[in-house]
Amino acid sequence: MGQIDTEDSIDVIQEDGESIDIPEELPLLPVRDIVVFNHMVLPLFVGRDRSVRAVDTAMAKDRLLLLATQRKSSVENPKPDEIFAVGTVAVILRMLKLPDGRAKLLVQGLGKARIAEYTEKKPFYQVKIEKIVEEQAEEMSLETEALMRNVCEQGVKILELRGELSSDVGAILHSIDDPIRLADLVASNLLLKTEDAQALLEMNNPVQKLHRVNDLLSKELEVSAIQAKIQSHAREEISKTQREYFLREEMRAIHKELGDTDERAKEVSEYRKKIRRAKMSKEAEKEAGKQLKRLDQMHPDAAEASIVRTYLDWLVEVPWSKSTKDVLDVKKAQGVLDEDHFDLEKVKDRILEYLSVRKLNKAMKGPILCFVGPPGVGKTSLGRSIARAMNRKFFRISLGGVRDEAEIRGHRRTYIGALPGRILQGLKQCGKNNPVFMMDEVDKIGADFRGDPAAALLEVLDPEQNVSFSDHYLNVPFDLSKVMFITTANLADPIPSALRDRMEIIELSGYTEEEKLFIAQKFLIPRQIKDNGITRKHINMGLKAVRKIISEYTLEAGLRNLEREIATICRKVARKVAEGEKGIFKVTCANLHRYLGVPKYLPELDQECHEIGVSTGLAWTQAGGEVLYVEASTMKGKGELTLTGQLGEVMQESARAAFSFARSHAKSLGFRANFYQDTDIHIHVPAGAIPKDGPSAGVTMAVALVSALSGRPVSRDIAMTGEITLRGRVLLVGGLKEKALAALRANVQKIIIPEKNKKDLVEIPSNIRRKVTFIPVSQMDQVLEIALHPKPRKKGPRAR
């Protein structure tokens, strides 16, 4: 091992015999990507301010400095712990100042030294050094001589393989009789990694150092041999390529003489580059190469050439391997969703669950979600928010009225004007293969002689099949598993069962008045103020005014009409501002009619009293829940049952079941058992222009019918829903939350529901349950007891 000398100076003898006295302290010059060995002469470019100052200091004194290698070459200003402790003392032989402030040096290594202490750190590193005296071989053993000879021979072979061998180099190598000097010389000329070169520098035993150099030479010899073989093969390939090049040039010249231009070769070359950059699947790349070969052999003006070009354009532009990086920060995603949408906790939880699993399992396939709810509740905008929360691209298509299967799968290339389906068109437009892909109105897909688009969607929306989705136009598999598909529908029933089975259905019900009020204040009013070019300084819309807009100018589950009414007010204010009127315009309940006209909807229950033969039912439509009034009247006749109001088959059957129930229970209900022989009954559901159907109006019809026959009035503040059997049982219905919201909008405080629907009350928000009383029943007798008032007494003759 080397010995550390503690003397104040180090005497080094240069080759010309002159002795250089090396001081105990020297400027430090950190170097990158190179380790300087003893006796090594090399040029250095110095550009860092600290390094330039160190060189200037050395030149002003004795031209000596310590060269030590940085541990990481990327560090611009290395700290002491980022510099190797062992370096080489070097003398500056020449220096040239460059115009840009840098310096070019020629230095020679004099001896190894270790950094003992950093005495100064600014404006440059000044270090205290300890010399390292390398061991000298006492006598030349056979092993040492063999090692030296082997090192020389391997060095000569490497230079020969590199084509750098000259007679002088071989003579110099064989003339060195000092093992340390030979090891340093060979090591300085090898292309070593910084760590390996530094380890060699720190070794002091000559035999060990020679062994290490010999090992590195053996490895380098193998690498050089392989490199030489590769270069030889490359030269052969180049010769072959040059021959082909000359032949192609001759062919190009011939084609030019024949009138063919060189544009075709350029076009083919451009397509070949695009195919390589697209990083498509093996099947697609094989098909692209096949079509490109066909294009190369076609005449440029051939009719089929344009078809092949269009096909190749689609192949290279579809995002086979381009993806956006998902933002998997669950809290940040929750903040984005809360910022864009109020409530909708069930949907938000499902998206955050997906992001959480995606964070733990990178290979998870995208979910297939279906948002079912009335118009205007935020299904489409929720898809945009999901894309923004995940940092993905967003693309939307509408499937309403689509009847052609080719809209999904594309047309076959045999047809003129053929194109891929809307799935691949959307991916191409996005430019990424993992967007949030929204398909609106999936419940309104049609089917005719051109095929069934819903059946084509089965492959798209099945995670097990869409890994290799095949479009008729491209005719090669494309991986859709990274796409997050979201479909929307107003009702789940029209969706084919096979397609519905592949999707996770999440229901979005309508909003309560309080929720609409909050959304209007936070989202709708600020947006419309901005869209109409006015500010908060121009308009002041009070809470009472907004509440009146909700209750008297809109009647909906969603928010579209509410936003339209707010937009109308903002437009009128914008007009006043544009005409030069000053001040802030206050919108109140008193002046609301000046902006929106007379109220469009009046709460009907406020205008009615307890009536005979009129019951209040609740329906579930595409627009959410609605209040439905059923009227029943009796008159002398022959026992006919008349049904009006555009009732569907299901509602007509419910009316007949209610009629049969009334006949079978006539005695217990308090009217004649043979009423049907001389009494005609007319059941009517108002709004006759609107078709109605559904399985939840049986109870309402039965109450109206019994009320008309018995003369007992129906309570005006009770609504009801449920289907009836001939035995008087009340059956389960759906859409309870939507119906409850409709009752709340109509100021109904009590709702009669089937006993089996008690489980659905958990899904209804607590603020609705606080305002509405739900009365579960299982038999029709219970319904009649709750809904009907006693028969009013006839007033007697007035006493005189």
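Begin by selecting Asp-326 and Arg-358, which form a salt bridge whose closest N and O atoms are 3.4 Å apart. The pair links distant parts of the chain, since Asp-326 sits in the loop between α9 (303-317) and α10 (330-340) while Arg-358 belongs to helix α11 (residues 345-360), 32 residues apart. This is a predicted model, and the tour should be read with that in mind. Colouring by accessibility shows Asp-326 as buried, with a relative accessible area of 12%, and Arg-358 as buried as well, with a relative accessible area of 16%. Add Arg-392 to the selection, and Asp-326, Arg-358 and Arg-392 appear linked in a network of salt bridges.

Other salt bridges come next; the count for the structure is 29 salt bridges. Select Glu-76 and Arg-32, whose side chains meet in a salt bridge at 3.5 Å, N to O. Glu-76 lies in the loop between β6 (64-69) and β7 (86-97) and Arg-32 in the loop between β4 and β5, so this pair ties together parts that are 44 residues apart in sequence. Glu-76 is partly exposed at 43% relative accessibility, and Arg-32 is partly exposed at 33%. Then move to Glu-441 and Lys-444, where the side chains meet in a salt bridge with an N to O distance of 2.7 Å; here Glu-441 is partly exposed with a relative accessible area of 25%, and Lys-444 counts as partly exposed at 31%.

For a charged side chain without such a partner, select Lys-739, which is found in helix α25 (residues 736-745). Lys-739 is buried yet has no salt bridge, and the nearest side chain of opposite charge, that of Glu-738, is 8.3 Å away. What does the side chain of Lys-739 make a polar contact with? Display Ser-696, and the polar contact is found between the two side chains, at 3.2 Å. Extending the selection to residues beyond four places in sequence, one finds Lys-739 in contact with Leu-618, Ala-619, Trp-620, Gly-625, Ser-696, Thr-721, Val-733 and Gly-734.

The aromatic rings make the next stop. A search of the whole structure finds nine aromatic pairs, among them the edge-to-face pair of Phe-671 and Phe-675, with 5.3 Å from centre to centre and 85° between the planes. Phe-675 also pairs with Tyr-676: the ring centres are 6.0 Å apart and the planes stand at 85°, so this pair is edge-to-face. Phe-671 and Phe-675 are both buried, the latter with a relative accessible area of 3%, whereas Tyr-676 is partly exposed, with a relative accessible area of 26%. Showing Phe-659 together with Phe-671, Phe-675 and Tyr-676 brings up one aromatic cluster. Keep Tyr-676 selected and add Arg-663, which lies over the face of Tyr-676 at 3.7 Å from the ring centre. Elsewhere, Lys-274 lies over the face of Tyr-271, at 5.8 Å from the ring centre.

Now turn to helix packing and select α18 (residues 543-553), whose buried residues are Ala-545, Val-546, Ile-549, Ile-550, Glu-552 and Tyr-553. The elements that cover these buried residues include α17 (513-531), β17 (539-541), α19 (560-578), β18 (585-587) and α20 (592-596). In another helix, α4 (residues 179-189), pick Ala-187, which is buried with a relative accessible area of 5%. Leaving aside neighbours within four places in sequence, Ala-187 is in contact with Phe-37, Leu-192 and Leu-200. A distance drawn from the C-alpha atom of Ala-187 to that of Ile-386, 199 residues apart along the chain, reads 59 Å.

The last stops concern the backbone. Most residues other than glycine have a negative phi, and most peptide bonds are trans. Select Lys-122 and Pro-123, and the peptide bond from the former to the latter is seen to be cis, with omega near 0°; Pro-123 lies in the loop between β8 (103-120) and β9 (126-133). Next select Asp-33, a residue other than glycine with a positive phi near 65°, located in the loop between β4 (25-31) and β5 (41-46). Asp-33 counts as exposed, at 57% relative accessibility. Finish at Asn-475, which has a positive phi of about 65° although it is not a glycine, and which is placed in the loop between β13 (469-470) and β14 (477-478).

Notes:
Residues numbered from 1 in each chain as written. Predicted model: local features only at pLDDT ≥ 70, side-chain atom pairs only at ≥ 80, totals over all residues. Heavy atoms only, no water. Phe/Tyr/Trp six-rings, centres within 6.5 Å; stacked < 30°, edge-to-face > 60°. Buried < 20%, exposed > 50% of the residue type's maximum accessible area, 1.4 Å probe, protein only. Lys NZ or Arg CZ within 6 Å of the ring centre and 35° of its normal. Helix = DSSP H or I, 4+ residues; strand = E, 2+ residues; numbered from the N terminus. Lys, Arg positive; Asp, Glu negative; His and termini not counted. Salt bridge = Lys/Arg side-chain N within 4 Å of Asp/Glu carboxyl O. Polar contact = N/O pair within 3.5 Å; in protein donor to acceptor, adjacent residues only side chain to side chain. Contact = heavy atoms within 4.5 Å.
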